[in-house]
Amino acid sequence: MLELAGLVILGILAQWVAWKTKTPAILPLILIGLFVGPISTLLSEDGTKWLEPIWNGEEGVFPGESLFYFVSLAIAVILFEGGLTLRRGEVGNIGPVIVKLISVGVVVTFFGAGLAAHFIYGFSWQISFLFSSLIIVTGPTVIAPILRNIPLKTHVSSILKWEGILIDPIGALIAVLMYEFIRVEGGQDFTMTALTEFGKIILFGFTFGFTFAHILALLIKRNIIPHYLLNVFTLATVLGVFVLADMFAHESGLLAVVVMGMVMGNKDLPNIKELLYFKESLSVLLISILFILLAANIEIAELQLIFNWKAAILFGVIVLVVRPVGVILSSLGSNLKINEIAFISWVGPRGIVAAGIASLFGLKLAREGVPGAEYITPLVFMVVLLSVLLNATTARIFAKLVGVFVKDAEGILIIGASSVSRLIGKYLQDNKRHVVLMDNNADNVMKAKDLGLDAIAGSVYEDDLFNNIELNDVGYLMAMTGNSDINKTAIRKFTSQYGEKGSFRLISSDEMNDPETNPAEGLFSHTDDYIKLTEVARSYPTIHEVELNSRAHYEGLLEISKTDPDIIPLFVKKDTGELTIIPSHSGEVEIKNGYHLVYLGKKIQKEEEEKEENYEETVEQTNPEEQ
């Protein structure tokens, strides 16, 4: 009981430490596992581990075969959740570099690392390529924490993010297929029987995964499963498919759940996001327990296998040769600069799926007496730990060194993707500002993407936004929804991370009607709330620019906008093209001759310009010290 409770407590504690220190969770998890496992034998008086997953095959936290069962089921759930994240539509929109990274890059890693393992360690070709298939995967869980706090050029962050997401299930699939190939007749007998058994694994894995994904999707769409049972029903189905596929073709279960996740992830399911949240939470718990267990199960003698020059050379080849070659080949013909290619080549930490599957496969093959299998788990753990540690400590420094570090966070996050937000966002983007719109309305998000804008689906009440590495260059926040509570929540919650250069929100109708209430974060003016902004954008969906010749001219235009409901000031554009957001109290905006006022609505007429000139003369008479 103490060991089980300790596993959960230590696992969640490691997750919290990772969140607090902004490092991948796998790092503290494996370190804790190694400390309470093999390292603890050096500290205990009788030489036993503080946490013993299996002892003499019969005792321990998971005696007998139960550890393998738990690891298999946990990996099945993790792989299914990874498969859910792979969307066919996203693959088609991510650009040729990422497509090549998950194709050409995968091939380079598979053969490059396999050759290195074979010639450095003398492994058989089967074990060498199993090892290389396991280190293909990077994964979003290790990439995101490293990049989250490094302001990078947007396309560089996007490439690394999407590579991690898409390569997760692809790498897992390749690793599973390679393992199944070795499992058939021990990977030594290339007879027709062996190939037939391998074919059965492929057939049943794909068939069960594809079939049950469609059945479950149909049940969800027709509301046959009650909402409160949806998540646990899906979990039960995943475990059932895993076991059932294994019964028909031994070791085909992992392939089946990967395929099942991929198919369901590309179905138009009404509750797919909620299902992902549940699977993500469950994966966090399973990962927390799993990697402490797996690290603790490593023996001190196995650790000694990798503390030598061979392991150092192998790691160096993977990081300094294989990864750069894969990235360079994947970047041919792209617009990536040399410094950007160098940074992407440097950042390639190995992920949770690699370590998890490696442990499962390594344990099973070692027990079956496959030569070299005992090296799989410690070697992959070594690559995972060192790559994560290397990138976590050097990525920021290397980004500055090669010149991909964004010093000025000029990006703009707009909360709300309504028609007026899209209109303003498009203008900002056309003026070379990185703009991201966020909305919980899928239609608004899709319309924004159709305009070529970056847009994400989400809510200000969730924490997903903090994990979005594509917002690393954001320094301005504009809350522009029709809900004042949402706008205020966005300012309160995201100002410190995304509004360091300025946070603004539309004033509410109550604030607009009360001249005494003018919030410091008020956006555009004190006479324009969401309703008025939307009405003007509907009647006059155009953004104009008018050149300014003095502050008096600028203030005159603001006065006209207060009396004309169809003119709303938005920005001041400097002669360098830089845009300044106009707050509801305009005194903070710098005005110089040659600047432009950017406004929404109908175009200012000539007679109105004459009013501005009259107003300017009045100001000159009453405020001579301003000249």
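Helix α11 runs over residues 230-248, and its length checks out: at 1.5 Å a residue, its 19 residues should span 27 Å, and the end C-alpha atoms do sit 27 Å apart. Its buried residues fall within an arc of 160° seen down the axis, so they line one face of the helix. Keep in mind that this is a predicted model. The chain as a whole has 25 helices and nine strands, and 56% of its 627 residues count as buried.

**Helix α11**

- The buried set starts with Leu230 and Asn231 at the beginning of the helix, and goes on through Thr234, Leu235, Thr237 and Val238.
- Further along, Val241, Phe242, Ala245 and Asp246 complete the buried list for α11.

**The chain overall**

- About 27300 Å² of the chain is exposed, with carbon and sulfur atoms supplying 60% of that area.
- Take the contacts between residues at least 6 apart in sequence: 74% of them join residues at least 24 apart.

**Two buried spots worth a look**

- Gly33 belongs to helix α2, which covers residues 26-36.
- Gly33 has 0% relative accessibility, so it counts as buried; the cut-off for that label is under 20%.
- Ile292 is 259 residues away from Gly33 along the chain, yet their C-alpha atoms are separated by just 4.0 Å.
- Setting aside neighbours within four places in sequence, Gly33 touches Pro38, Ile292, Ala295 and Ala296.
- Ile424 is part of helix α19, residues 419-430.
- With 0% relative accessibility, Ile424 counts as buried too.
- Once neighbours within four places in sequence are left out, the contacts of Ile424 are Met478, Met480, Phe524, Ile543, Leu570 and Phe571.
- Ile414 is ten residues from Ile424 along the chain, and the two C-alpha atoms are 9.4 Å apart.

**A nonpolar patch on the surface**

- Val104, Leu320, Val321, Val325, Ile328, Leu329 and Leu332 together make a nonpolar surface patch of about 570 Å².
- Helix α15 (residues 309-331) gives the patch its largest share, with five residues.
- Leu320 is found in α15.
- At 56% relative accessibility Leu320 counts as exposed, because the label applies over 50%.

**Salt bridges**

- Side chains of opposite charge can pair when their charged atoms come close.
- A search through the whole structure turns up seven salt bridges.
- Arg505 and Glu521 form one of them, at 2.9 Å from N to O.
- That pair ties together distant parts of the chain, 16 residues apart: Arg505 is in strand β5 (residues 502-505), while Glu521 is in the loop between α22 (509-513) and α23 (530-539).
- The two partners get different labels: Arg505 counts as buried at 3% relative accessibility, whereas Glu521 counts as partly exposed at 23%.
- Another salt bridge joins the side chains of Glu555 and Arg551, with an N to O distance of 3.8 Å.
- Here both partners are in helix α24 (residues 551-563), and being four residues apart means that about one helical turn separates them.
- Glu555 is partly exposed, with a relative accessible area of 24%, and Arg551 is partly exposed as well, at 23%.
- Asp564 and Lys602 also meet through their side chains in a salt bridge, at 3.2 Å from N to O.
- This pair again links distant parts of the chain, 38 residues apart: Asp564 is in the loop between α24 and β7 (567-573), and Lys602 is in the loop between β9 (596-601) and α25 (606-622).
- Asp564 is buried, with a relative accessible area of 8%, whereas Lys602 is partly exposed at 25%.

Note on methods: Residues are numbered from 1 along each chain as its sequence is written. This is a predicted model: local features need pLDDT of at least 70, side-chain atom pairs count only at pLDDT 80 or more; totals for chains, interfaces and linings use all residues. Side-chain values use heavy atoms; hydrogens and water are left out. Helices (H or I, at least four residues) and strands (E, at least two) are DSSP runs, numbered from the N terminus. The expected span of a helix is 1.5 Å times one less than its number of residues. Buried means under 20% relative accessible area, exposed over 50%, partly exposed in between (1.4 Å probe, protein chains only). The arc is that of the directions from the helix axis to the C-beta atoms. Patches are made of residues with over 30% relative accessible area and no salt bridge: like charges are joined within 9 Å, nonpolar side chains (Val, Leu, Ile, Met, Phe, Trp, Tyr) within 5 Å. Accessible areas come from the Shrake-Rupley method with a 1.4 Å probe; for residues, only the protein chains shown count as cover. A salt bridge is a side-chain nitrogen of Lys or Arg within 4 Å of a carboxyl oxygen of Asp or Glu. Contact means heavy atoms within 4.5 Å.
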